[in-house]
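Work through the exercises below with the structure open beside you, and try each task before reading its solution.

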Amino acid sequence: MTQTKNSTTLHYQQLKPEERGIIQASLNQKLSLRQIAKRLHRSPSTISREVKRGTVQQRNTDYLFFKAYYANAGQAIYEKHRANCHAVSLLKTCRSFFMQLTDALKHHPRVDSIDTFVHRFKSAHPQDACSSVSTVYRYIDQGLLKLRNSDLPKKLRRRVKGTHFHKRHNKKILGTSIEKRPDIVQQRTKFGHWGVI
């Protein structure tokens, strides 16, 4: 018995500019959306959404309005959406927080640490966006703020990834160390004193 359905997962890929050009040329040839999808090996719904996005209103020579799909318009809309879909940096969304934090930590005499300032800011401005304490420290280390480590009252000791050595506290003691043996053993006059040094 043969398997009729393909079990491999297809991953969606964005349309390329040349594919948009093929869509425009195919629509000018009066091909249906399903025929265009078959030609490009794409889903008909992908072609339908692309045509809907890239269709713009134009005027003909008689100054009458008509709607048509243009590959350039579809590509421009795609690039605009891609530019807006990235995450916005906290430096933009929390601008007032970082400005007040910088002022508070550079103020003399200093009253706040980063931890206390973040807590106080969250309780005073619950509707405003606020960064976490660890993000503030990371931004200072990366040089993204007008603060340096020397401006901080007390920098938290944070774990650093990588190899680290620690002394074992619960190491089993198996008798007296060989380095603490008496000098008589060095003379090797009794049984048991012989051994390789």
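**Exercise 1.** Find what sign of phi His-41 takes, just after H2, and then establish which residues of H2 are buried.

*Solution.* In this predicted model, His-41 follows directly after H2 and takes a positive phi of about 55°. Turning to the helix itself, Ile-36, Ala-37 and Leu-40 in H2 are buried. These buried residues lie on the same side of H2, because the arc they cover around the axis is only 100°. Arg-34 and Lys-38, by contrast, are exposed on the other side of H2. The last step is to ask what covers the buried residues of H2, and the elements that do so include H1 and H3.

**Exercise 2.** Determine which residues of helix H3 are buried, and name elements that cover them.

*Solution.* Helix H3 spans residues 44-54, and its buried residues include Thr-46, Ile-47, Glu-50, Val-51 and Gly-54. Because these residues cover an arc of only 130° around the axis, they are on the same side of H3. Among the elements covering the buried residues of H3 are helix H1 (17-28), helix H2 (33-40) and helix H4 (71-84), together with E1 and E2.

**Exercise 3.** Describe in what sense strands E1 and E2 pair, and find which residue in their hairpin takes a positive phi.

*Solution.* Strand E1 covers residues 55-59 and strand E2 covers residues 65-69, and the two pair in the antiparallel sense over five bridges. Within this pairing, Thr-55 stands opposite Tyr-69 in E2. The hairpin has five residues between the strands, and Tyr-63 takes a positive phi near 65° there.

**Exercise 4.** Count the aromatic pairs, taking ring centres within 6.5 Å as the rule, and decide how the rings of Phe-97 and Phe-98 are arranged.

*Solution.* With this cut-off of 6.5 Å between ring centres, the count comes to five aromatic pairs. For Phe-97 and Phe-98 the ring centres are 5.1 Å apart and the planes stand at 65°, so the pair is edge-to-face. Phe-97 counts as buried because its relative accessibility is 0%, and Phe-98, with a relative accessible area of 5%, is buried as well. Phe-97 also pairs edge-to-face with Phe-121, at 5.1 Å centre to centre and with 70° between the planes. This second pair links distant parts of the chain, since Phe-97 belongs to helix H6 (residues 95-106) and Phe-121 to helix H7 (residues 114-124), 24 residues apart. Both Phe-97 and Phe-121 are buried. As a final step, place these rings in their wider setting: Phe-97, Phe-98, Phe-117, Phe-121 and Tyr-139 form one aromatic cluster.

Definitions and conventions
Residues numbered from 1 in each chain as written. Predicted model: local features only at pLDDT ≥ 70, side-chain atom pairs only at ≥ 80, totals over all residues. Heavy atoms only, no water. Pairing = 2+ DSSP bridges. Helix = DSSP H or I, 4+ residues; strand = E, 2+ residues; numbered from the N terminus. Phe/Tyr/Trp six-rings, centres within 6.5 Å; stacked < 30°, edge-to-face > 60°. Buried < 20%, exposed > 50% of the residue type's maximum accessible area, 1.4 Å probe, protein only. Arc of directions from axis to C-beta. Contact = heavy atoms within 4.5 Å.
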